Amino acid sequence: MSPLIHHISSDETLPKSADVVVIGGGIVGASAAYSLARRGLSVALIEKGYVGCEQSSRNWGWCRRQNRDARELPLANLALRLWEELTEEIGHDLGFRRCGLVYATDDPKQLAEWDKWRAVARRFDVNTRMLTADEATAAVPAAGGRKWLGGVHAADDGKAEPWLAAPRIAEGARKRGATIHQNCAARGLDITNGQVSGVVTEKGFIRTSAVLCAAGAWASAFLRMHAVSLPQASVRQTTLRTGPAPDFGGAIFTSDGALTRRIDGSYTIAASGRATLEITPQGIRYARPFLPMFIKRLKAVEIGISRSFFAGPETLGRWHLDRPTPFERIRVLDPAPDKRMVATIMTQIKALFPAIADAGIVSSWGGYIDFTPDAVPVISAVDSIGGAFVAAGCSGHGFGAGPGIGHLAADLVAGDAASVDPTPFRLSRFTDRSRIEVGAF
């Protein structure tokens, strides 16, 4: 079952031309469209399904700096500021709350990693502190008198509502003059003398000199049609939502589960750090650059094979721009939840918070998280095609950092001064013999 989503209307008429075409209506694409339209550029936001339909509505909703890789922290700082600014500018609640994040564990190795990260926190002025065993136990009052070894409290971090954020930001972009086109797949780029000259969609042609590919798990497949290599792999995760339950905290991470309290009093729950890596043709193609990550995170990932080998963004198929494409055949990437994982999550949560488990499961769903080999996003110009840009590979951090990623991408597309240093996010780092360092978290 798909997660809850706030549906918005589409603009019926496709523009003949636009200053910028944004491909992908997730949190990154919507934020980029808003930022570009706010600068006075004409923008067409193209989405093959509906705005926010894939990973942007399927995540935990955390907006955090805690335990971020140092390369991402300037982006995360920007995003937290933008969450507040967007809410005020758009005039609609995005569900953003600085509720604080609480982490608790009984694993000494994990606790040591969190403690080590404090050196990074000090560099970027992150308000975080370690919790003693008594403090962690008080902050995360698990059933049965369970006592935690320790934890972390990130007081200024928070959460937003995945079912609201991308659609409402997209609506904000429309108020600034952008047009939104749902159920409209972008089939490919029109390129003249090495420069983008337009976008071919299933509903017609849009003349433009600038395109931002913010297509999430589909970004590598889209760019591959134009001989652009974006190493990308997706892992499948299962999430569920309960009915309304007593308030145990806004955002909690433990070794047994991660919980986020939604604005209606329900909880979104997922298994902490557990996911399934499905073997696919694209995964085989990029196995070598991803090897260091898989070795580092092997214990947290199960290996499997499913229909994603034959259908979806990682199949390596090709298509013609005048015929239906894979983007039209799969409007929404909506994998089924793993029933075993749902049962495991509920067993673990019942042991920790029986009152939440007793609220029952309202819905459960699967989602694909797209990763890069170093678990750091790509926000970059495409060097081989003038006017082409990409913002993808958010590696499980895309929702919270989404407004910052979209804003930086808009800086690059518009040729404005970059809000943060874009160097760590350049696409060319995977081909220029740069050392690939896998993100710590």
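Here is a short dialogue on reading sheets, helix packing, cysteines and one buried serine in a predicted model.

User: Before we start, what should I know about the model and its numbering?

Analyst: It's a predicted model, where local features need pLDDT of at least 70 and side-chain atom pairs count only at pLDDT 80 or more, while totals for chains, interfaces and linings use all residues. Residues are numbered from 1 along each chain as its sequence is written, and side-chain values use heavy atoms, with hydrogens and water left out.

User: How do I read a sheet, and what is the strand order in the open sheet of 6 strands?

Analyst: Helices (H or I, at least four residues) and strands (E, at least two) are DSSP runs numbered from the N terminus, and two strands pair if DSSP finds at least two bridges between them. Here the order is S8-S2-S1-S12-S21-S20, with mixed pairing. Strand S8 (179–181) and strand S20 (378–381) are the edges, each pairing on one side only. From one strand to the next, the twist averages 15 degrees.

User: How many bridges join S2 to S8?

Analyst: Strand S2 (residues 43–46) runs parallel to S8, with 3 bridges between them. Take leucine 45: its bridge partner in S8 is isoleucine 180.

User: Which strands of that sheet does helix H12 touch?

Analyst: Contact means heavy atoms within 4.5 Å. Helix H12 (residues 398–414) packs on the sheet and touches strand S1 (20–23), strand S12 (211–213), S20 and strand S21 (388–392). Axes are lines fitted to C-alpha atoms, for helices over the stretch in contact, and angles run from 0 to 180 degrees between N-to-C directions. On that scale, the direction of H12 makes about 10 degrees with that of S20.

User: What about helix on helix: at what angle do H2 and H12 pack?

Analyst: Two packed helices are described by the angle between their axes and the distance between the axes. Helix H2 (residues 73–90) meets H12 at about 95 degrees, with the axes 7 Å apart. H2 and H12 are therefore roughly perpendicular; angles of 65 to 115 degrees get that label, under 35 is roughly parallel, over 145 roughly antiparallel, and the rest oblique. Residues in the contact include Leu78, Leu82 and Trp83 of H2, and Phe399, Ile405 and Leu408 of H12.

User: Now the small sheet: in what order do S9, S10 and S11 come?

Analyst: This open sheet has 3 strands in the order S9-S10-S11, with antiparallel pairing. Strand S9 (186–192) and strand S11 (204–207) each have a single partner strand, so one side of each is left without a neighbour in the sheet. S9 pairs with strand S10 (residues 195–201) over 6 bridges, among them leucine 189 with valine 199 and alanine 186 with threonine 201. The two strands form a hairpin with 2 residues between them, and asparagine 193 in the turn has a positive phi of about 50 degrees.

User: Why is cysteine 184 in no disulfide?

Analyst: A disulfide is a pair of cysteine sulfur atoms within 2.5 Å, and the count here is 0. The closest cysteine sulfur to that of cysteine 184 is in cysteine 53, 13 Å away, so it's too far for a bond. For cysteine 213, the nearest is the sulfur of cysteine 394, at 11 Å.

User: Is serine 234 buried or exposed?

Analyst: Buried means under 20% relative accessible area, exposed over 50%, and partly exposed in between (1.4 Å probe, protein chains only). Serine 234, in strand S13 (residues 233–242), counts as buried at 5%. Leaving out residues up to four places away in sequence, its contacts include Ala217, Glu314 and Tyr368.
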